[in-house]
Amino acid sequence: SPRGEPVDGGILLTGATGFLGSVILVELVRRCPTRAIRCLVRDDDATSALARVRANATAAAAPADKARVNAAFDAARVVAVVADIAQPSLGLDVNAFERLGASVDIVIHAAALVNHALPYSAHRAANVGGTRELLRLAAARCARCACVSTIAAIARAGLRAAGGQLEAALGGADDNVRVAA
């Protein structure tokens, strides 16, 4: 890359089965064609997790992007990692957590437990603990990390801020990445 960074470093995306995460995944497939994208998914097995990610990404893709998205899945450039952000080490054993951390140089955290009827204590493990574990994973390799909040996505200014975080995580203008509010 022009910045001297590895072009094959992987991207870890959380929240890929949600609305915002699936849109981010489509953008990553479109804008980062040489990178592997690992999607952290809470599920019982990788096959069903990948099927959910693929279905949501295909649904989120514009007609012009559907073939590109399907090709990324067919080429195994998009993979599902069965994990749980509410668990220590994302629910992975120590070796799996370390391998995952060593395989990515960008972490985009778009997953959260959102239920306005529940107290903060019910959200803490996933939202605070999960963010802490992802930062710990990113820090092991000095990976860039962007956290996207659905609360921020409500306000136009929040969208610009979230877009700026995504641009920064992907290298900003140097990589010709733009996210509009």
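The following exercises, each with a worked solution, concern a predicted model.

**Exercise 1. Overall architecture**

Determine how many helices and strands the protein has, and in what order the elements run from the N terminus.

*Solution.*
Step 1. The count of elements gives six helices and five strands.
Step 2. Read from the N terminus on, these elements follow the order β-α-β-α-α-β-α-β-α-β-α.
Step 3. The burial of the chain may be added: of the 181 residues in the protein, 41% are buried.
Step 4. Turning to contacts with a separation of 6 or more, 71% are made by residues 24 or more positions apart.
Step 5. The accessible surface amounts to about 9200 Å², and carbon and sulfur atoms account for 58% of that surface.

**Exercise 2. The environment of Val41**

State which element holds Val41, whether Val41 is buried or exposed, and which residues Val41 touches beyond four places away in sequence.

*Solution.*
Step 1. Val41 belongs to strand S2.
Step 2. The relative accessible area of Val41 is 3%. Residues under 20% count as buried, and Val41 is therefore buried.
Step 3. With residues up to four places away in sequence left out, the contacts of Val41 are Thr17, Ala49, Arg52, Val53, Ala80, Val81, Val82 and Ala83.
Step 4. A distance completes the picture: Val41 and Ile85 are separated by 44 residues in sequence, while their C-alpha atoms are 8.7 Å apart in space.

**Exercise 3. The two sides of helix H3**

Identify the buried residues of H3, explain why they are said to line one face of the helix, and name the exposed residues on the face turned away.

*Solution.*
Step 1. The buried residues of H3 are Val69, Ala72 and Phe73.
Step 2. Viewed down the axis of H3, these buried residues fall within an arc of 100 degrees, so they line one face of the helix.
Step 3. On the face of H3 turned away from the buried side stand the exposed residues Ala67 and Asp74.
Step 4. The cover over the buried residues of H3 includes H1, helix H2 (46-60) and S3.

**Exercise 4. Positive phi outside glycine**

Locate Ala76 and Leu90, each a residue other than glycine with a positive phi.

*Solution.*
Step 1. Phi of Ala76 is near 60 degrees. Ala76 comes just after H3, in the loop between helix H3 (66-74) and strand S3 (78-82).
Step 2. Leu90 also has a phi near 60 degrees. Its position is in the loop between S3 and helix H4 (94-103).
Step 3. For Leu90 the relative accessible area is 0%, and this residue is therefore buried.

**Exercise 5. The largest pocket**

Describe the largest pocket by its volume, the residues closest to its centre, the elements that contribute to its lining and the character of the lining residues.

*Solution.*
Step 1. The volume of the largest pocket is about 430 Å³.
Step 2. The lining of this pocket consists of 22 residues, of which Gly15, Thr17, Arg42, Ala111 and Ala112 are the closest to the centre.
Step 3. Two or more lining residues are given by each of helix H1 (19-31) and strand S2 (37-41). H1 provides the largest share, three residues.
Step 4. By character, the lining divides into 14 nonpolar, five polar and three charged residues.
Step 5. A link to Exercise 2 can be drawn through Thr17, which is among the residues closest to the centre of the pocket and is also touched by Val41.

Terms used:
Residues are numbered from 1 along each chain as its sequence is written. This is a predicted model: local features need pLDDT of at least 70, side-chain atom pairs count only at pLDDT 80 or more; totals for chains, interfaces and linings use all residues. Side-chain values use heavy atoms; hydrogens and water are left out. On a 1 Å grid over the protein atoms alone, a cavity is a set of points where a 1.4 Å probe fits but cannot get out, and a pocket is an open set with protein on both sides within 12 Å along at least five of seven lines; lining residues have an atom within 4 Å of a point. Grid points are joined across faces, edges and corners, and a volume is the space filled by probe spheres set on the points. Helices (H or I, at least four residues) and strands (E, at least two) are DSSP runs, numbered from the N terminus. Ala, Val, Leu, Ile, Met, Phe, Trp, Tyr, Cys and Pro count as nonpolar, Asp, Glu, Lys and Arg as charged, and the others, Gly among them, as polar. Buried means under 20% relative accessible area, exposed over 50%, partly exposed in between (1.4 Å probe, protein chains only). Contact means heavy atoms within 4.5 Å. Accessible areas come from the Shrake-Rupley method with a 1.4 Å probe; for residues, only the protein chains shown count as cover. The arc is that of the directions from the helix axis to the C-beta atoms.
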